[in-house]
Amino acid sequence: MSTVTGRSANSGDALLRRMAARRRRDNIIVGILAASAVIGGGHAVFDAFATPPPGPSASSTISLIGRAQLAGSFAREFVVTYLSAAAGQQDRISEFVGAAQQITLPATGRQVTDAEIVFSTRTESTGNLDVWAVTVSVRMPRRAGATDDARQYYRVAVSVVDGRLRALTVPAAVPPPERGIDLVLAYSNSCAADSPLAQVASGFLQAMLTGSGDIARYTTPDSGITALRPAPFSAVETTAVTSDDSGCGASAASARVLASINPKADGGAAPTLAYPLDMVRAAGQWQVRSVESVPALRNPMTVSSGQTANNAAASATAAPTTSAAAVQIPPATQK
C-alpha cells in the first residue's frame, strides 16, 4: 500500500512541475507577442501565425503571359478591322464591341498595314475576369488617296473572362511612346589601335565575322565562341575601342571592352556594329571570354547629363559621357 502511495505522490509532483514549466513557457510567448503588437502594430500578432502567401509559380506566370498574348492578339485584330471598316459594316465591329457604342464609319475604309502590339498591361483582375489595356501601332496613309503612310498608335481596353474576349470601347488614338533616356556606359577610356585590348578585339571580330584567321587564338578555351557560318561579311574595319581599363590592357588582369566596327559585305558597306566584350589575360595573352548581350553600365547606374526622356537630339556617334553633371540612379530599395 505504501508503495502505491509513493508512486502516486511522485507522479503528482512530476505533473505539477510540468504544469509550472508550461505556464512559464506560455508567459514568455505571451510577452513576446505583446511586445510585437506594441512595436509592429496589432497585426504583428496574427502575422506571427499566418501562413505566408504563395509566391508566383511557373504555371501562374505562364497563364498570365498567355492571357496577355490573347488580349494583345484580339486588340490588334480589332484595331485593324475597325480602322479599315466602311459604312454599312457595323456587323464586323459588333464581333469585337457591344452594340451600345455610338459608331459612325466613313464611306470608304482606310488601308491599314503592319499592325504591331506595342504595349500591354493588366489594369483590373477580379476572380476569373481580367481587363487589359493594349496599345497597337499601325501604318496608315496620312490622308485619303495618299501613297505615303505614317505609323499611328491606338489603345484598346479588353476584358478576358475564361478565354472569352470583348472590347470595352472602340479604339482611342494615343501618342507614341516617349523617347527613353541614355545610360552612361562603363567604357570611359578610349584605346589606341596598337593597345593590347584593341589589337585582340580587332583580330577576334575579324575572325568571327569574316572567317579569316583562327578564332581560337583570340578566345578562352571555355568561351564556346565560334566563327559565324556562313561569314556575313567580307571585311571589318575597327573604328573605335573603349574600355573600363584605363591602361587598355597594359597591366590589368581583366577588362570590359566595347568595339565598334564598320563591316563590308559583298553588296557594299553595311551599318556600324558594336560588340561588348568580356576579356581576360592569361599567361600574358589577352583573350575574349564572352560576347556580352548587354553593354557594361557605369556603377552606380547613371543617366547621361543633359539627356531627358523627351530629348530628340540623340547622337549615335557621341563619345562616352564622363561629365560630373551626370545624374546617378539610386539603387532600388525593398519595402
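This report describes the salt bridges, strand pairing, aromatic rings and one buried methionine of a single chain.

## Overall composition

The model is predicted, and the chain it describes holds five helices and 13 strands. Of its 335 residues, 29% count as buried, while the exposed surface of the chain comes to about 20900 Å², with carbon and sulfur atoms supplying 55% of that area. Among contacts between residues at least 6 apart in sequence, 55% join residues that are at least 24 apart.

## Salt bridges

A search of the whole structure finds six salt bridges, and three of them are set out in the table below, each with its N to O distance.

| Pair | N to O distance |
|---|---|
| R67 and D130 | 2.6 Å |
| R139 and D114 | 3.5 Å |
| R289 and D278 | 3.0 Å |

The side chains of R67 and D130 meet at 2.6 Å, N to O. Since R67 belongs to helix α3 (residues 58-84) and D130 to strand β2 (residues 129-141), this salt bridge ties together parts that are 63 residues apart in sequence. As for their surroundings, R67 is partly exposed, having a relative accessible area of 25%, whereas D130 is buried at 4% relative accessibility. The R67 and D130 contact also belongs to a network, in which salt bridges with shared partners join R67, R122 and D130.

Strand β2 takes part in a further salt bridge through R139, whose side chain meets that of D114 at 3.5 Å, N to O. Here R139 lies in β2 and D114 in strand β1 (residues 113-126), so the pair connects parts of the chain that are 25 residues apart in sequence. R139 is partly exposed, with a relative accessible area of 30%, and D114 likewise counts as partly exposed, at 38% relative accessibility.

In the third tabulated pair, the closest N and O atoms of R289 and D278 are 3.0 Å apart. This salt bridge links strand β11 (residues 285-291), which holds R289, with strand β10 (residues 273-282), which holds D278, the two residues being eleven apart in the chain. R289 counts as partly exposed, at 36% relative accessibility, while D278, at 12%, counts as buried.

## Strand pairing around β3

Strand β3 (residues 149-161) pairs with β2 in the antiparallel sense, and 13 bridges run between these two strands. Within this pairing, V131 stands opposite S159 of β3.

β3 also runs antiparallel to strand β4 (residues 164-167), to which four bridges join it, with V161 standing opposite R164 in β4. These two strands form a hairpin in which two residues lie between them, and D162 in the turn has a positive phi of about 50°. A further antiparallel pairing joins β3 to strand β5 (residues 172-174) by three bridges, and there R155 stands opposite A172 of β5.

## Aromatic rings

The structure holds three aromatic pairs. For F78 and F96, the ring centres are 5.1 Å apart and the planes lie at 15°, so this pair is classed as stacked. The two rings come from distant parts of the chain, F78 being in helix α3 and F96 in the loop between α4 (90-93) and β1, with 18 residues separating them in sequence. Both partners are shielded from solvent in the computed areas, as F78 is buried at 0% relative accessibility and F96 is buried with a relative accessible area of 4%. F78 and F96 also belong to one aromatic cluster, which is formed by F74, F78, Y82 and F96.

## The environment of M208

M208 lies in helix α5 (residues 196-210) and counts as buried, at 7% relative accessibility. Leaving aside residues up to four places away in sequence, M208 touches I215, I225, T226, A227, L228 and Y275. The C-alpha atoms of M208 and Y218, two residues that are ten apart in sequence, are separated by 9.8 Å in space.

Technical notes. Residues numbered from 1 in each chain as written. Predicted model: local features only at pLDDT ≥ 70, side-chain atom pairs only at ≥ 80, totals over all residues. Heavy atoms only, no water. Salt bridge = Lys/Arg side-chain N within 4 Å of Asp/Glu carboxyl O. Buried < 20%, exposed > 50% of the residue type's maximum accessible area, 1.4 Å probe, protein only. Pairing = 2+ DSSP bridges. Phe/Tyr/Trp six-rings, centres within 6.5 Å; stacked < 30°, edge-to-face > 60°. Contact = heavy atoms within 4.5 Å. Areas by Shrake-Rupley, 256 points an atom, 1.4 Å probe, with all protein chains shown as cover.
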